[in-house]
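Biologist: I am new to this structure. Please walk me through how to read it, one feature at a time.

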Amino acid sequence: MNPKVDEFLEKSTKWQEELKKLRAIVLECGLTEELKWGQPCYTFNNANVILLGGFKDYCFMSFLKGALLYDSESILKKPGEHTQSGRIVSFTDTQSILGLTQTLKAYIYEAIEVEKAGLKVEAVTPAELVLPDELLQKFESDHVFKAAFEALTPGRQRAYIIYFSGAKQSKSRESRIESYTQRILNGKGFNDCVCGLSKRPPNCDGSHKFIQSN
């Protein structure tokens, strides 16, 4: 717990109890607490993952790469019409926070997995995403794989394209594609669970790492 956030919360004249509950949920997920831009910010390996804050009509938990989360419960909203990366969950009372505690934790764990994978949200529209040459070559040589990839939802396709394109060298891009070929053939997204241990299927919430370590 960061003393600067303690001070921030004590000075809050609105949403104080709600923000305290949201803070407790985030801290239980193992993120580092800081105060950035005048708001509680939670990081993983120095990468910003979560922001907490409040407006006149509601307080919120903001996922800075929320566009890459699966959002099976449909609770993530764009804070603005043209926002591409961030997504928020808004609250007006503590009871609604308590009711979503486990879901919020699952989303936070998924956001951590996104950071571990090094995924980034590019500031482009889906139509502007450029498929790497290595993926196009894979489509040409394996039509079954191409059909499986095209059967994925646009969000799942986007996550794969961003991950494959993120490698600087061609061999690395080829390696990433081969590593995820079977997952794609199985109809699984980049963040989907493949071990059956997730408490929020179909996406991975990181449960496999906690269970296997016990």
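Biologist: What pattern does the chain follow, read along the sequence?

Modeller: Read from start to end, the pattern is α-α-β-β-β-β-β-α-α-α-α-α-α-α. That comes to nine helices and five strands. Helices (H or I, at least four residues) and strands (E, at least two) are DSSP runs, numbered from the N terminus. Before we go on, two notes. Residues are numbered from 1 along each chain as its sequence is written. This is a predicted model, where local features need pLDDT of at least 70, side-chain atom pairs count only at pLDDT 80 or more, and totals for chains, interfaces and linings use all residues, while side-chain values use heavy atoms, with hydrogens and water left out.

Biologist: How many residues are in the chain, and what share of them is buried?

Modeller: There are 214 residues, and 43% of them are buried. Buried means under 20% relative accessible area, exposed over 50%, partly exposed in between (1.4 Å probe, protein chains only). The accessible surface of the chain is about 11,600 Å². Carbon and sulfur atoms hold 50% of that surface. Areas come from the Shrake-Rupley method with a 1.4 Å probe; for residues, only the protein chains shown count as cover.

Biologist: What share of the contacts joins residues 24 or more positions apart?

Modeller: The share is 58%, counted among contacts with a separation of 6 or more. Contact means heavy atoms within 4.5 Å.

Biologist: Now a single helix. Which residues of H6 are buried?

Modeller: Start with the general idea. An α-helix has 3.6 residues a turn, so residues three or four places apart point the same way. Now the case. H6 covers residues 143-151, and Phe145, Ala148 and Phe149 are buried there. They line one face of the helix, because seen down the axis they fall within an arc of 100 degrees. The arc is that of the directions from the helix axis to the C-beta atoms.

Biologist: Which residues sit on the other side of H6, and are they buried or exposed?

Modeller: His143, Val144 and Ala151 are there, and they are exposed. The cover over the buried residues of H6 includes helix H5 (133-141), helix H7 (154-165) and helix H8 (170-185).

Biologist: Which residue caps the N-terminal end of H6?

Modeller: Asp142 does. One of its side-chain oxygens lies 3.2 Å from the backbone nitrogen of Val144.

Biologist: How many salt bridges does the structure hold?

Modeller: First, the idea. Side chains of opposite charge can pair when their charged atoms come close. The cut-off: a side-chain nitrogen of Lys or Arg within 4 Å of a carboxyl oxygen of Asp or Glu. The structure holds twelve salt bridges. In one of them, Asp6 meets Arg23 at 2.8 Å, N to O. Asp6 lies in helix H1 (residues 3-11) and Arg23 in helix H2 (residues 16-27), so the pair ties together parts 17 residues apart in sequence. Asp6 is partly exposed at 31%. Arg23 is buried at 6%. Asp6, Arg23 and Glu33 are linked in a network of salt bridges.

Biologist: Which residue does Glu7 meet in a salt bridge?

Modeller: Lys11, at 3.0 Å, N to O. The two are four residues apart in helix H1, which means about one helical turn between them. Glu7 is partly exposed at 45%, and Lys11 is exposed at 61%.

Biologist: Where is Glu115, and is it buried or exposed?

Modeller: Glu115 is in helix H4 (residues 101-116). Glu115 is buried, with a relative accessible area of 15%. Leaving out residues up to four places away in sequence, Glu115 touches Phe44, Ala47, Asn48, Val49 and Lys65. With Lys65, Glu115 forms a salt bridge, the closest N and O atoms being 3.3 Å apart. Lys65 lies in the loop between strand E4 (59-63) and strand E5 (87-91), so the pair ties together parts 50 residues apart in sequence. Lys65 is partly exposed at 21%.

Biologist: How many aromatic pairs are there?

Modeller: A pair of aromatic rings is described by the distance of the centres and the angle of the planes. Rings of Phe, Tyr and Trp (its six-membered ring) pair if their centres lie within 6.5 Å; planes under 30 degrees apart count as stacked, over 60 as edge-to-face and the rest as tilted. The structure holds 14 such pairs. One is Tyr160 with Tyr180, edge-to-face, at 5.9 Å centre to centre and 65 degrees between the planes. Tyr160 is in helix H7 and Tyr180 in helix H8, 20 residues apart.

Terms used:
A polar contact is a pair of N or O atoms within 3.5 Å; within protein, one must be able to donate a hydrogen and the other to accept it, and residues adjacent in sequence count only if both atoms are side-chain atoms.
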